[in-house]
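Subject: Structure handover

Hi,

I am passing a structure on to you. Please open it next to this email and follow along.

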Amino acid sequence: MPNLYSYMALNYFICDNKQEFVDIFSNNKFSTSKFFNQLNFDYRTTQEIKETLLYGGTKKLNLDLSNFYHTLYTHSIPWMIVGKEQAKKNRKSGFANHLDKFTTLCQYDETHGIPTGNLLSRIIAELYMCYFDKRMEKKNFIYSRYVDDFIFPFSLETTKEEFLKEFNAICREHNLIVNDTKTSVDIFPFRDGANKSDLFAYLENLNSKTTVNRWIREINGFIDYCIDQESSGNKGAIKALFTVMRNALKNKKIKKRTINEIFTQRNPITRFNLFERILDVSLMERPSIIMCK
């Protein structure tokens, strides 16, 4: 848990400087994680963006940063935003240094890693990686990124080596570690083992006229399906259930009273309700999910 007082101070700082975030997010071409579950940018939309970015290659290089949130060096935030040389000349003033300071205060002045599971950490991480993208874009590379997961399309080995050379140089400069165990190359025709189209379409047939009991049955089935997909290697399937449920209820304009019934109505036999089941799944998956949601 971050220090609550410092977390609120960080929140106010981000709000006061939101244009800094808006500008870099708006201009970024490669991220599919910058939309933060905005309804206009649902899974299908971000998938289209991703697929467009991956045109033109017969192979895909998959890269992942190791324990990104846990190992992110907060002092490297100014390094990434203004450049390492400039940051070392000015260690106190300016947006980047203040962001570093407020982030560090959230974890009692610890500079290695940022708190996981909360929205502000996601926003800071996205800002950080958007500046990473900016460096790579200057070298004319085009790829798709979701937080710290990268996919780079290529056909020639020399192109891949040039990408890796620049990618690794930025990582070394900012104390980022590449997760070699997750580095892989896919060859056309590609098989997307992490496809979530079925997940995001699961509740589409329900609407404002659907009975509470049917909503409960379908969501229970959806939870089972997410767990099965996660166990089959579809990474992030369990996390997706929160977004899918939220978007379904919001898009279908379900009334608050009905939502309360859906999640609190107890099964006449087991006496359990959907809220308790979701809480149980969250605890088994990872406690930080609860803090995030």
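Below is what was found, taken topic by topic. Keep in mind that this is a predicted model.

**Cavities**

Start with the enclosed spaces. There are 2 cavities of 30 Å³ or more. The largest holds about 40 Å³ of space. Its lining is made by Pro2, Tyr7, Leu10, Thr103, Cys106, Pro115, Asn118, Leu120, Ser121 and Ile124. Two elements, α1 (4-16) and α8 (119-137), each give two or more residues to that lining. The top contributor is α8, with 3 residues. Sorted by class, the lining has 7 nonpolar residues and 3 polar ones. No charged residue takes part.

The second largest cavity has about 30 Å³ of space. Around it sit Ser33, Phe36, Tyr69, Arg122, Glu126 and Val147. Here the classes come out as 3 nonpolar, 1 polar and 2 charged residues. Keep Val147 in mind, as it comes up again below.

**The strands**

Now turn to the strands. Strand β1 (residues 59-64) pairs with β3 (149-154) in the antiparallel sense. That pairing runs over 6 bridges. In it, Lys60 of β1 stands opposite Pro153 in β3. On β3 there is a second antiparallel pairing, with β2, over 3 bridges. There, Tyr146 stands opposite Asp149 in β3.

How enclosed is β3 by the rest of the structure? It is largely enclosed, because 5 of its 6 residues are buried.

β2 and β3 form a hairpin with 2 residues between the strands. Val147 lies in this loop. Its phi is positive, near 55°, and it is not a glycine. Most residues other than glycine have a negative phi. Val147 is also buried, at 15% relative accessibility. And Val147 is one of the residues that line the second largest cavity.

**A second positive phi**

Asn140 is another residue to look at. Its phi is about 70°, a positive value, although Asn140 is not a glycine. Find it in the loop between α8 and β2 (144-146). Is Asn140 buried or exposed? It is exposed, with a relative accessible area of 66%.

**Asp64**

Go back to strand β1, where Asp64 is found. This residue is buried, with a relative accessible area of 7%. Setting aside residues up to four places away in sequence, Asp64 touches Asp148, Asp149, Ile177, Val178, Asn179 and Lys182. Asp149 among them is the residue that stands across from Tyr146.

**Cysteines**

How many disulfides does the structure hold? The count is 0. Take Cys106, which lines the largest cavity. The closest cysteine sulfur to its own is in Cys15, 13 Å away. That is too far for a bond, because a disulfide needs the two sulfur atoms within 2.5 Å. Cys106 is buried, at 3% relative accessibility.

Cys130 is in no disulfide either. Its nearest cysteine sulfur belongs to Cys171, at 15 Å. Cys130 is buried too, with a relative accessible area of 1%.

**Helix α7**

Helix α7 covers residues 95-105. Its buried residues are Phe95, Ala96, Asn97, Leu99, Asp100, Thr103 and Thr104. What do these buried residues pack against? They pack against α1, α2 (18-27), α5 (76-82) and α8. Thr103 ties back to the start of this email, being one of the residues that line the largest cavity.

**Glu276**

One last stop. Glu276 is found in helix α14 (residues 274-285). It is partly exposed, with a relative accessible area of 27%. Leaving out neighbours within four places in sequence, Glu276 is in contact with Arg266 and Arg271. For a sense of distance, take Glu276 and Ile14. They are 262 residues apart in sequence. In space, they are 34 Å apart, C-alpha to C-alpha.

**Where to look**

If you have only a few minutes, go to the hairpin of β2 and β3. Click on Val147, with its positive phi. Then follow β3 across to β1, its antiparallel partner over 6 bridges. Finish at the largest cavity, and look at the 3 lining residues from α8.

Best wishes

Conventions. Residues are numbered from 1 along each chain as its sequence is written. This is a predicted model: local features need pLDDT of at least 70, side-chain atom pairs count only at pLDDT 80 or more; totals for chains, interfaces and linings use all residues. Side-chain values use heavy atoms; hydrogens and water are left out. On a 1 Å grid over the protein atoms alone, a cavity is a set of points where a 1.4 Å probe fits but cannot get out, and a pocket is an open set with protein on both sides within 12 Å along at least five of seven lines; lining residues have an atom within 4 Å of a point. Grid points are joined across faces, edges and corners, and a volume is the space filled by probe spheres set on the points. Helices (H or I, at least four residues) and strands (E, at least two) are DSSP runs, numbered from the N terminus. Ala, Val, Leu, Ile, Met, Phe, Trp, Tyr, Cys and Pro count as nonpolar, Asp, Glu, Lys and Arg as charged, and the others, Gly among them, as polar. Buried means under 20% relative accessible area, exposed over 50%, partly exposed in between (1.4 Å probe, protein chains only). Contact means heavy atoms within 4.5 Å. Two strands pair if DSSP finds at least two bridges between them.
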